[in-house]
Every structure is written in C-alpha cells, then in structure tokens.
Amino acid sequence: MSSKRGVSSSTKSAAASIVDDKKDSKLKGMSGDCSEKVLIEESCWKVQSVEFQSIKDDPGKIEAMTVQELRATLRKFGVPAKGRKGDLVFALKHFMGESSQELEERVSFNSRENISLQKNTKRTSDESCVVSINTVSEVSGFKQSKRRMKQSPVEDEIVKVGTEIVTTKRKLSIKTDDLVTLPQAEPWTVLSHKKPQKGWIPYNPRTMRPAPLTDGNSVKLMSWNVNGLRALLKFEGFSALELAQRENFDVLCLQETKLQEKDVDSIKQCLIDGYENSFWTCSNAKLGYSGTAIVSRIKPLSVCYGLGIPDHDSEGRVVTAEFDSFYLVNTYVPNSGDGLKRLSYRITQWDPSLSNYMKELEKSKPVILTGDLNCAHQEIDIFNPAGNKRSAGFTEEERQSFGSNFLSKGLVDTFRKQHPNVVGYTYWGYRHGGRKTNKGWRLDYFLVSESIADKVHDSYIVPDVNGSDHCPIGLVLKV
C-alpha cells in the first residue's frame, strides 16, 4: 500500500524558485540563440558572395578541388551535385557564369525569408523572445538531392506545457513540389535537358548576342509562330508596337495565323506604322487553321504563294518574297500529327517538294528559309529526346528527312552554326507548363544558302516574349 508524503511550504517555495530560475535561464538562452541566428542569417550572403568571387577570380581552384569539395561547394550554392568529377567541374564552372550581384540578390532574398520565418514562429510567454523552428532552407531554391528527400527530417519544436517549456521532436512531411521555393526569372538561362552532354550550355541572349552593326548595311528578319494572331493581339501582355520598337526588325514572318480570308483586311488595319507591305495566305481546306504572312517595311520585288503544287497549297503554308539580294521563304511545315497520321505525307511528299522549290529559287539568287519547320533536328534541340522518339517532330524519319532534304542540299542552320553547343528552345507545350522550367523544343529556324552563311551577323532566339507557345527568332544579315 502506498502512502502520500507531505511536502512543506518551504520546500514548495524552493522548488518554484528553481523552476522559475531555470525558465528564465532557458528564455534568456533562447533569446540569445535567436539573436545569434539572425546575425548569422544576415551575414550569410556576404560569406557566400566572398567565396563565390574567390572561386570566380581563380577558376583554377575548381580543377584542383576533390570530388567531395566540389559537391560541398555546389550544394552550398544550391546547385545539384551529381555525376563524376568532370560533370561536377562543368556544373560549377557553368554556375560561375552568374554575376556576383545575381548571387548576392538570391542569397540575400533567402536570408530575409529565413529571418521572417523565425519572427513569425513565436511560441513563448516572453514577447521579446523569438523562438524559431529549425527548418532553415538552403540558400538556393533548387531541389534537394534524392538522398535527402528519402530521409525523414526532424525539427525541434519548443512548446509550453503548464508552467514548463519543453523541447519536443516532430517529423516533417516534405513534398517534392515544396522543395522548389523560388521561380526562375529567366528559366532559359538554366541548362534544362534530360541528357546534357559535356560542354553544353544554356542560351542566354543577354550575353551571347554580338554587338549591333553600326554601318547600316544589314537587314533584320524575324519569324514567329503566333498560334492564332487574333488571340495574340488580344493578349494582355503583348504589344506589337513594343516588339517592333525593341527589335526594330525590317521583316516579320508569321506562321499559324489561323485567319480566314475575310479577316485579313481588318487585321491589316492593326499593322504598325512603317510596315505597310503585308502578304497573307490562309487555309481553304480547313477554316481557322494554319496560315502564314510576311509583314515588311521594305517593299519586295515580287511575292508568290504556295509551292505551285495544288496538293500542298490548300492550307496556306508558304509565302515567298523576293528582295534585292535573296529570296525569303516563310513556311509552316505540316505537323505529323497525333498518332503520326501525316508522317508519311510529311517525309515523302512535303519535304521533298519544299526542297526542290528551294533549289529552283537558288538558281537565281540565295534563299532564306524560315518558320516553324516542326522538327527538332538533334538531341540538343529537345529537352527529353529519349521520351519523344515516336513523337511528331522528333521521329527518326523526320530528322533524317530534315537533314537529307535541307541541310545536305546546301542550306545552313544559322543558329546551330553560331552556337554549336548551346541549348536553346523556341517551343514549350502548354500542357505541362514547360516554359516555366524551360522544358522545350527548338522547332523554328533560319536556314540560309551556303553562299550567304558567312554574311549572318546574328541568329538568335527571343525567349522572353510571351503570347504563344512559340517565341520569336531573329536573323541579322549583312547585305
């Protein structure tokens, strides 16, 4: 039988005093810890920036690092650290391409986020003390490694139980999607490819475009699959005037306008001042489908529509304008379609007919072929080559046809000639939000006759222009 033991009032008082002392001590300790954490977070970006600059100033350090040091450094900057030493060296060298200011802004932003998190998790009776949950994220918004995701993270949670402050352990549930915390402002500047090869780098127009020509002896051409011109003109984020002012193009080629002939006159009224020359062809076989156009401030010598073959010319896919020193052929190549229903037509009829048409034009002057050619020619031209072997636009048959009918016939892929190891896309499907993560295809081209390939000053992509699932591309040609 148990018995209750009496406790004197003096004993109770002493015990209460000890508890209060411990509580005060713990609160002070936590307050000090929080202040120290804030100071650490505030200085974190400075340390990261200094280390970043140190490596950038002496790239030789990267080659001298061990695999462990490379992985630790990459993770410190929030960059995935997978692969062999060569892959890690390449990843770190590529990351060093960012400016120290960009790093400072990114790290500073995350530091402020962490401090804010601490201030919003007060859980003590003393309002002056900040008790933080130790879930400080890494500097970058990139995904954590798979190894870390498989673990069950544990956090310290300080709660008040009666008169006692108790520290408990609580498992965190982390979803994969939660690990991507910051959107990439310019996703095309991050290498995005399922199987990147050594030496590949992402396309960045801010750093890869040459200085503009100043002598005035050049022409600037642009091409854009607008995926419905009327919808584009209503798109809130698009301004045709701003695009013309920014790019100052001489000629603009459009594909997939989806106009009917009755719409053309009203659309012409929306043209920008200075671009009075416009030439349109629409699909007669299927209304509101396909369609191409050339809009120019330079009056062409002549214009013709189609390939001159009735079987190919009912969908409004080709407009050709003749200028002083070249022919410009604006084309919207047929898509092989769901289930590759038009694959045979594409590779056995359309491609050879277009190729023959180009060679006929070349007999009198050089040719520039532009538009949505509906083919990602090489694996570097598509985010996920292995997963699209039987997808329209990347079948082996289409890629071989592209090579044999165009490149082997003397036409030069100007973007690939200028940027042999650059990953740059011009199309991103709406279905999976590919544009936000730069999971795209390069389907739009400027192909030119070999005789004028060396006159190309710049072949470029304009990835920041929205309004369509394609973006514009451009060509600056010396004349």
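## Overview of the chain

In this predicted model, buried residues make up 44% of the 479 residues in the chain. The chain contains 14 helices and 16 strands, and among its contacts with a separation of 6 or more, 68% are accounted for by residues 24 or more positions apart.

## The nonpolar cores

The largest nonpolar core has 55 residues, and those with the most contacts inside it are Leu221, Trp280 and Ile368. A second, separate core has 20 residues, including Val367, Phe406, Tyr445 and Leu447.

Which residues is Leu221 in contact with, leaving aside its neighbours within four places in sequence? The partners of Leu221 are Val251, Phe326, Leu328, Ile368, Phe446, Ile473, Gly474 and Leu475. One of these partners, Ile368, is itself named among the residues with the most contacts inside the largest core, while Phe446, Ile473 and Gly474 appear again in the lining of the largest cavity.

## The cavity

The count of cavities of 30 Å³ or more comes to one, and the largest cavity has a volume of about 50 Å³. The residues that line the largest cavity are Phe415, Thr426, Arg442, Asp444, Tyr445, Phe446, Ser459, Tyr460, Ile461, Ile473 and Gly474, and by class they divide into six nonpolar, three polar and two charged.

Three strands each supply at least two residues of this lining, namely β14 (444–449), β15 (456–461) and β16 (473–478). Tyr445, which belongs to the second core, is also one of the residues that line the largest cavity.

## The loop between β15 and β16

Val462 lies in the loop between β15 and β16, and because its relative accessibility is 3%, Val462 counts as buried. Not counting residues up to four places away in sequence, Val462 touches Met222, Arg246, Glu247, Cys471 and Pro472. The C-alpha atoms of Val462 and Ile473 are separated by 5.7 Å, although these two residues are eleven residues apart along the chain.

## Thr320 in strand β9

Thr320 has its place in strand β9, which covers residues 318–322. Why does Thr320 count as buried? Thr320 counts as buried because its relative accessibility is 2%, and the cut-off for a buried residue is under 20%.

The side chain of Thr320 makes a polar contact with the side chain of Tyr357, at 2.7 Å. Leaving aside neighbours within four places in sequence, Thr320 is in contact with Ile294, Ser302, Val303, Cys304, Tyr327, Leu328, Val329, Tyr357 and Leu361. Leu328, listed here as a partner of Thr320, is also in contact with Leu221.

## Helix α12 and its packing

Helix α12 spans residues 396–405, and within this helix Glu398, Arg399, Ser401, Phe402, Gly403 and Asn405 are buried. These buried residues of α12 pack against α11 (343–362) and against β14, the latter being one of the strands that supply the lining of the largest cavity.

## The second largest pocket

About 1200 Å³ of space lies in the second largest pocket. Of the 41 residues that line this pocket, the closest to its centre are Asn335, Ala392, Tyr427, Gly429 and Trp441. How many residues of each class are found in the lining of the second largest pocket? By class, this lining has twelve nonpolar, 17 polar and twelve charged residues.

Note on methods: Residues numbered from 1 in each chain as written. Predicted model: local features only at pLDDT ≥ 70, side-chain atom pairs only at ≥ 80, totals over all residues. Heavy atoms only, no water. 1 Å grid on protein atoms, 1.4 Å probe; cavity = no way out; pocket = protein on both sides within 12 Å on 5 of 7 lines; lining within 4 Å. Points joined across faces, edges and corners; volume = space filled by probe spheres on them. Helix = DSSP H or I, 4+ residues; strand = E, 2+ residues; numbered from the N terminus. Nonpolar A, V, L, I, M, F, W, Y, C, P; charged D, E, K, R; others polar. Core = buried A, V, L, I, M, F, W, Y, C linked by side-chain atoms within 4.5 Å. Buried < 20%, exposed > 50% of the residue type's maximum accessible area, 1.4 Å probe, protein only. Contact = heavy atoms within 4.5 Å. Polar contact = N/O pair within 3.5 Å; in protein donor to acceptor, adjacent residues only side chain to side chain.
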